[in-house]
Amino acid sequence: MKELAKNAKIASKSLAALNKKKRYDVLTKMAEDILKNKDRIEEENHKDLKLALENDLNKAMLDRLKLDSPRIEAMVEGVLSVRDQEEVVGTTYDERENEAGMIVKKQRVPLGVILMIFESRPNVVVDCAALALKSSNAIVLKGGKEAKHTNEILGNIIQESIKEIVPKESVQVLASDQREVINDLLELEEFIDVVIPRGGHRLIEYVTKNAKMPVIAHFQGLCHMYLDKDADPKMAIDLALNAKAQRPGVCNAIETLLIHDDLLSNVKSELISRFKETQTKLIADEKFKDGESEVTLASTEDWATEYLDNILSIKTVSNLEEAIEHIDQYGSHHTEAIVSRNQEAIDQFLSRVDASCIMVNASTRFNDGGQLGLGAELGISTTKIHAYGPMGAEQMTTARYVVVGNGHTR
């Protein structure tokens, strides 16, 4: 692992000197080769899906794992979108002339070597490789064993694709079933500049406790949507349905719906009916459940559960204050939403709810790098240092000062 990390560090030096054309060329070649090998990728992915079924992974996990033809094509589109974005590395901003006549400006530079430890979703390999190359960072990717075959084939394709333009060690995908290598990597702060864990509570906690280098945590998505008393009922129902049922197994799907008492009678029956159509299991407090045999009574544990499944917790609240307190207690700083026509309530929500992205009258499903114009994302940071929210190419750089003088001395 030390040799691997050292090679990544050497590669990062070459990447830092890349010009715009080479960054464009390497991402073009990568996109072409992934598309060219679509059948091979699907074949390896079928092996992972077969094992997942044998191990009784739930439907949401299977959905996260699956790479069919449309999803592979979408990955390729993501690579091309990243390629076509404005340049980040080397760009300058906040330029000014100081009292001494020197030009002072800030310049975007790569972080260096990024270690990414993630679970389930093999598309992370492609998204993160593309973003790393766009931002001139080397990246080491360690996925979960459930995506072993898919991660491996993607890593091989990417390395073969980029090696004529940049060092192949710029992107390294480790064997997914060798968990013991994580401990070794977390000790190598000499070569690895930052580690990004993306997954469940145990993974985040373990990496945070054991890493010798800085950690940017991409924690679970225990997301909420609050339907205010002044919400438009139809909008509120449509948004709740989309935020939960459009794709339940992803981190920006809501897990808990908070409904103001005064709105409840206007939305309850239709919410139950519409969620029944999507086969969503509803788990609710006593007030919402009252008289509804198809609704299960919630426990305190449900408010703290990220289901990643077609299950929704519902809680009634008497005011905005109670909704904010609930989010403050159970939220994971990922994505929170308010549905309301009352600007004062919206402003209160914005100023008091701590999350990487706040949605106002919009589905939480839009907190996504592609949807927010980043092309793809490294993940969604739920810690405020060094980034908060989706991490694209810009968030994979840092700013340094450049000072230009003309023989100035102090």
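## Cysteines and the absence of disulfides

The sulfur of C357 has its closest cysteine sulfur in C223, at 9.5 Å, which is too far for a bond. The model is a predicted one, and in it C357 counts as buried, with a relative accessible area of 13%. For C128, the closest cysteine sulfur belongs to C251 and lies 12 Å away, again too far for a bond, while C128 itself is buried with a relative accessible area of 0%.

These two cases agree with the search of the whole structure, which finds zero disulfides. Since a disulfide would require sulfur atoms within 2.5 Å of each other, the separations of 9.5 Å for C357 and C223 and of 12 Å for C128 and C251 leave no such bond at either place.

## The seven-stranded sheet

An open sheet is built from seven strands, which follow one another in the order β10-β9-β11-β8-β7-β12-β13 with parallel pairing. The edges are taken by β10, residues 296–297, and by β13, residues 357–360; each has a single partner strand, so one side of each remains without a neighbour in the sheet. In general, strands of a sheet pair through backbone hydrogen bonds, in either a parallel or an antiparallel arrangement.

At the β10 end, strand β9, which spans residues 281–284, pairs with β10 in the parallel sense over two bridges, and I283 stands opposite T296 of β10. Helix α10, residues 233–245, lies across four strands, namely β7 (223–227), β8 (254–260), β11 (311–317) and β12 (335–339), and runs at about 165° to β8.

## The four-stranded sheet

A further open sheet, also with parallel pairing, has four strands in the order β5-β4-β3-β6. Here β5 (171–174) and β6 (194–198) stand at the edges with a single partner strand each, so that one side of each lacks a neighbour within the sheet. Neighbouring strands of this sheet are turned against each other by 15° on average, when direction is ignored.

Strand β3, residues 113–118, runs parallel to β6 and is joined to it by five bridges; among the paired positions, I117 has P197 of β6 as its bridge partner, and F118 has R198 of β6. Helix α6, residues 123–134, packs on the sheet and touches β3, β4 (138–142), β5 and β6, with a direction that makes about 165° with that of β4. Helix α9, residues 201–210, lies across β3 and β6 and runs at about 165° to β6.

## How β6 is enclosed

Although β6 stands at an edge of its sheet, five of its five residues are buried, so the strand is largely enclosed by the rest of the structure. Which residues of β6 point to each side? V194, I196 and R198 point one way, whereas V195 and P197 point the other way, and all of them are buried.

## Backbone particulars in the loops

The peptide bond that joins I385 and H386 is cis, with omega at about 10°, and H386 lies in the loop between β14 (380–381) and β15 (389–390).

Two residues other than glycine have a positive phi, and the values are near 60° for S136 and near 65° for H333. S136 is placed in the loop between α6 and β4 and is buried, with a relative accessible area of 0%. H333 is found in the loop between α14 (320–330) and β12, where its relative accessibility of 32% makes it count as partly exposed.

## Rings and charges

How many aromatic pairs does the ring-centre rule give? The count comes to zero. A charge over a ring does occur, however, as K268 lies over the face of F288, at 5.6 Å from the ring centre.

## The surroundings of A399

A399 belongs to strand β16, residues 397–404, and counts as partly exposed at 34% relative accessibility. When neighbours within four places in sequence are left aside, A399 is in contact with Y93, Q107 and R108. With E306 the situation is one of separation, since the C-alpha atoms of A399 and E306, which are 93 residues apart along the chain, are separated by 35 Å.

Notes:
Residues numbered from 1 in each chain as written. Predicted model: local features only at pLDDT ≥ 70, side-chain atom pairs only at ≥ 80, totals over all residues. Heavy atoms only, no water. Pairing = 2+ DSSP bridges. Contact = heavy atoms within 4.5 Å. Axes fitted to C-alpha atoms, helices over the stretch in contact; angles between N-to-C directions. Phe/Tyr/Trp six-rings, centres within 6.5 Å; stacked < 30°, edge-to-face > 60°. Lys NZ or Arg CZ within 6 Å of the ring centre and 35° of its normal. Buried < 20%, exposed > 50% of the residue type's maximum accessible area, 1.4 Å probe, protein only.
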